[in-house]
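Please explain how the strands of this model are arranged, and point out the residues whose backbone geometry stands out.

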Amino acid sequence: MKPRTPQVRTPQPRLLACALASCFLVATPALLAQSTAATLRGQVTETSGSAANAEVTVTNLATGLIRKAQSNANGEYSLAGLPPGTYRVDVNAGAASTSKTVILRVGQIATLDLPLEAASAAEMATISVTANAMAETKTSEIATYITPKQIEALPQTSRNFLAFADTVPGVIYTRDENNGSSSLRGGAQNSNGVNVYIDGVGQKNYVLKGGISGQDQTRGNPFPQAAIAEYKVITQNYKAEFDQLSSVAITALTKSGSNEFHGDFFYDYTNQDMRATRPTELGGDKKDTKEKQYGLSFGGPIIQDQLFFFGSYERKEFVTPSDINPGESVPVSSLPAEVQGLVGPTTVPFNEDLYFGKLTWTPNESSLFELTGKYRKEDQIDGIGGVNTYGFGSTRKNDESRIDLRYQYINGDWLNDAHLTFEDSTYEPRPTTTDGYGIHLLLYPPNDNNGRTVLNYGAGENFQRKGQQGTGIQDDLTWSGLEWAGNHTFKAGFKYKEIKINSFEQQPYSPQYYYDINESYTVPAYVEFGQLVPGAPQLDIKSKNQQFGIYLQDDWEVNTKLILNLGIRWDYEKTPSYLNFQPRPELAAALRNWANIQNTDYNIEDFIGNGHNRKAFKDAWQPRVGFSYDLFEDQRHVLFGGAGRSYDRNLFDYLALERSKGTFPRYRFNFNTPAHPCVVGVGACLAWDAAYLDPANLAPLVAANPNLGGETNLINNNLKTPYSDQLSFGMRNTVTLFGIDWNTSATLSHVESKDGIYFALGNRYADGRFRFNPAATWGGQPWGEGIPGFGTLLIADNGIETRNDSFLLSIEKPYTPDSGWGMTLAYTYNHPFENRLHAAESDEHYIFDYPNTAGQGFLPSLGIPRHRLVLTGIVDGPWGTTLSGKATYSSPIAKEGLNCSAIGFNDCFFDPFSPAGTFGIRQVDLAATKTFEVGKGIGLRVRADILNIFNTYNWTDYDTWHGGPTDPNPNFGNRNGDGISTPTRTLKLSIGASF
């Protein structure tokens, strides 16, 4: 390739200064975040070769936005910072010209070569073109686009726009049929590693699980679907601009107003009469259920070609069925009569309001402003189902506000993009029942001193107030003017945020009594309650965090075949609450004088902070490299691959435990019973007295020594940030079969995530050992050997790891109006392992069966199928209808298993298994839409979605006990409950109008 001739426009040096906060919003205008903006590049040619100095003009057909570029000596051109949408591309070079209409997707780098043709003015006036979506093949990203047509047409349950990411290889979206909550995950990692970027701004949750703010165990949606135009799902090889993630990245574009007024209204409804009977309802009446969703959106011009507005509102009103069943296969009939009525199907209410507004202003060809705002308000009851009865649940408030001001400037080879952001997210669960106390019924298998939950009822224990609030500034600068050994596009940027994070937790809110069902329903085995330590700081743990990140990316087009993507980033986070933590002097002295841990497997000094021996989370440099190689220079056969590291972050909810557990300890007192004997007066052992059912009589138990019996949490002074290393290689092909172009992609992938945080038991026996029987490999943990004068010690450290080798295959025939149909196929093969239990199903971060993760070892990951296939299809049906379908199949999903049958109870081990059968999930959904045009651009529509049309029961409850050494469990692996993971056959009807 010949060196590119510099473009005519001269770069403005002042734009470089815009990387500094001091000139933010002063010297640089801003538009779209570069992670959502599209780039169009290619070569202008004529019969004699490349066409130099040709003028390439693109015009957004919806807003009138115009961008121009001039081809260099090789005929090459590049237009960056384009808002995704439909564009007319015009090229003029003297008497020769050409015109095309294309659709650019979110975050896309599309290649469009433009051959010039000589044509008269009359001929040009008669040219009619159809917009075609540009395929992005020459990229190292493993990415898939979710198009407006898919969002509009494919069947779905609850209008959560993230649900369509389920159609991407390597991604799993689930909606819990018990509590209605949803989650998104990639590979073997849990949902915490995900990040979603709305118009280029990350929605990361800094406090709670779920990956993005407001998505921890909620039936709500993170964003109104009516406001989402389209989005891109990147599973690996994302570029250096993406931060605070270790798994899937989703970059979504919101809708904008245009030069025409457009509006839409929808109303969705389903209830118990429109669904098949759930397994728990067989032989009885259906529980009343209801899902009602409605909303509207409206947008248009304020000033033609310059100023536009868009707004949307969505409302959810759900009454969701939930099943309350005794755990451990305990028959309901064996429970006390007054408890039996608490078991069975029930319903849980939920309400959500979502608001979104947007102003877009394009004063000239170089600048564009955007101001967006989102408000989310949720009220719900949760924590109900499984072993938790209705009264034991929680009422929860989940509110969020976000504002984003963007300002972009483009001048020749320079593009600058800046943001000012504000966020405020609040999470407040409180017990539905606050009077009295809670009751936990337990079953104690042989040699299990902890007991297993059968049923929880009475007063709940979950009282929290957590959230994040703050402002941020980020700026991205792109320069595409360097021509050395090819063409380079450099991108550099920074982000700085100041976030106030809080984590208030009072657990248990009410006293909790635990009963051994094989011994007594009137005398508990022990009680747990909370009490504020006198003189301790307030319960509301707060931290004023500072976050800073920088990156540099070079997209190097070496020649017409090879493109290299070379990037590196660095992130920093200062968390004063963690950095400045110091245990109370009396606790530090007790730890240092505790003989049991002087010669053990960890050094207690590594966990005692002094206010100066902890460092901010400085993530090491994160290299990210990738390539794409176009074999025949026609974009039809492209090799690609990449390797990189990406850091996530430590959740503040975990870091705050170090302070909250020492402020409001959870005390435990055992009662001397025949089945659970203890020496009265020694340690935390009492003789049972019914007076202890009165909370007022519990407080005096700890008044003399408020530290005794409490739980102490300490975190390693050198805590690191979790991250993942990713490696992949694949090939994209465009294959023509029966005259139809099919886009395919096949990828081999290896991902390792490391340094996840876990909490382990810090107690040790007198000689430093972890087990009572030194020769045992299971059981006998030193639960009763706590810190002298205090109680149980839990220590937190890095150590959680996952590993996954996968094969990702996608086949797509994009929908086009001309063909009238489209389809996708996504197949994933996983071979996942992790060194913790429950991780895939509940994000478990406690390890108590072993002293650390080394003892746990690597086991097959739970909740992840070995094989998964998702098919979708959209077709223009008869009588102006649109028909669509989605089919999901997976192999059986691994479950945890406890095996004590091989040697004995001292040598049990976790032994995950996959239930027998061919399928773990089978679900086929269909949808049909009919629009009636009534004139003046107004359309009335009716729609029907049928979910799980074959009414397949996808079971979740299995007997996980392998059995003991002399009595293997004959029911091991068999289904032992009526829980299901997908809805029964459900009809959802919708009406709507658009204009």
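Which order do the strands of the open sheet of five strands have? The order is β12-β17-β18-β15-β16, and the pairing is mixed. Its edge strands are β12 (142-146) and β16 (201-202), each of which pairs on one side only. Strands here are DSSP runs of E with at least two residues, helices are runs of H or I with at least four residues, and both are numbered from the N terminus. Two strands pair if DSSP finds at least two bridges between them. At the β16 edge, strand β15 (residues 195-198) is joined to β16 by two bridges, and the two strands run antiparallel. Y197 has G202 in β16 as its bridge partner.

The model is a predicted one, in which local features need pLDDT of at least 70 and side-chain atom pairs count only at pLDDT 80 or more, while totals for chains, interfaces and linings use all residues. Residues are numbered from 1 along each chain as its sequence is written, and side-chain values use heavy atoms, with hydrogens and water left out.

Further along the chain, β25 has antiparallel pairings with β24 and with β28. Strand β24 (residues 394-411) is joined to β25 by 18 bridges; within this pairing, N398 is matched with Y427 in β25. The two strands form a hairpin with two residues between them, and G412 in the turn has a positive phi of about 60°. The pairing of β25 with strand β28 (residues 464-483) extends over 14 bridges, and here T426 has G467 in β28 as its bridge partner. Strand β25 (residues 414-431) is largely enclosed by the rest of the structure, because 13 of its 18 residues are buried. Buried means under 20% relative accessible area, exposed means over 50%, and partly exposed lies in between (1.4 Å probe, protein chains only).

Several loops carry backbone features to inspect. In the loop between β21 (307-324) and α3 (337-340) lies E328. E328 is not a glycine, yet its phi is positive, near 60°. Its relative accessibility is 37%, so E328 counts as partly exposed.

W879 is another non-glycine residue with a positive phi, of about 60°. W879 sits in the loop between β46 (867-876) and β47 (881-890). Is W879 buried or exposed? W879 counts as exposed, because its relative accessibility is 73%.

A cis peptide bond, with omega near 0°, leads from Q507 to P508. P508 belongs to the loop between β29 (487-505) and β30 (512-516).
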